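Morning, everyone. Please have the display in view, and let's walk through it together.

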Amino acid sequence: QVQLVESGGGLVQPGGSLRLSCVASGTVFSIAHMGWYRQAPGNEREVVASITSGGNTDYADSVKGRFTISRDNAKNTVYLQMNSLKPEDTAVYYCKLRGWPGGRYLEVWGQGTLVTVSS
């Protein structure tokens, strides 16, 4: 059973930075694709950034140049470095793991961590 635990959210002023972490249990992390999503009140959940098992990254247009996703397979951890934060980045941020261990599709979500950007 894979579980994801996010941390690092909080209150930050506009222009500030935060780094989110997501730690995965189990042994599938290194072969899994990881993603960060966010959901603001009244909005649908949207993808923010993703990183493949091979390290290829992709970003939503709204965060390109400000956010960086990375992973440390030795620590079973994916990170989201968020710089130049804006009030519109306020949301609950979730990480997601997906992969095909043993040929079967696996998708797991974390519980979310709240990021509030406000002065």
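I'll take the disulfide, then the strands around it, then the hairpins.

One caution before the details: this is a predicted model.

How many disulfides does the structure hold? One. The partners are Cys-22 and Cys-95, with sulfur atoms 1.9 Å apart. The link is right-handed, with 45° about the S-S bond. Now look at where the two ends sit. Cys-22 belongs to strand E3, residues 18-24, and Cys-95 to strand E9, residues 91-99, so the bond ties together parts that lie 73 residues apart in sequence.

Are these cysteines buried or exposed? Cys-22 is buried, at 0% relative accessible area. Cys-95 is buried too, and its value is 0%.

Stay with E9. Seven of its nine residues are buried, so the rest of the structure largely encloses this strand. Which strands does E9 pair with? I'll take three: E4, E10 and E11.

Start with E4. E4 and E9 run antiparallel and share seven bridges. Here the disulfide comes back into the picture: opposite Cys-95 of E9 stands Trp-36.

Next, E10, residues 106-109. Four bridges link E10 to E9, again in the antiparallel sense. Within that pairing, Leu-97 faces Val-108 of E10. E9 and E10 also make a hairpin, with six residues between the two strands. In its turn, Gly-102 has a positive phi of about 65°.

Then E11, residues 113-117. E11 joins E9 through three bridges, antiparallel. Tyr-93 has Thr-113 of E11 as its bridge partner.

Now go back to E4 and follow the chain onward. E4 covers residues 33-39, and E5 covers residues 46-51. These two are antiparallel, with five bridges between them. Arg-38 pairs with Glu-46 of E5. This is a hairpin as well, with six residues between the strands. Which residue in its turn has a positive phi? Gly-42, at about 80°.

One more step takes us to E6, residues 57-59. E5 and E6 are antiparallel and joined by three bridges. Ala-49 stands opposite Tyr-59 of E6. They form a hairpin too, with five residues between them. Gly-55, in the turn, has a positive phi of about 95°.

To recap, trace the path on your display. From Cys-22 in E3, the disulfide leads to Cys-95 in E9. From E9, seven bridges lead to E4. From E4, five bridges lead to E5. From E5, three bridges lead to E6.

Notes
Residues are numbered from 1 along each chain as its sequence is written. This is a predicted model: local features need pLDDT of at least 70, side-chain atom pairs count only at pLDDT 80 or more; totals for chains, interfaces and linings use all residues. Side-chain values use heavy atoms; hydrogens and water are left out. A disulfide is a pair of cysteine sulfur atoms within 2.5 Å. Buried means under 20% relative accessible area, exposed over 50%, partly exposed in between (1.4 Å probe, protein chains only). Two strands pair if DSSP finds at least two bridges between them.
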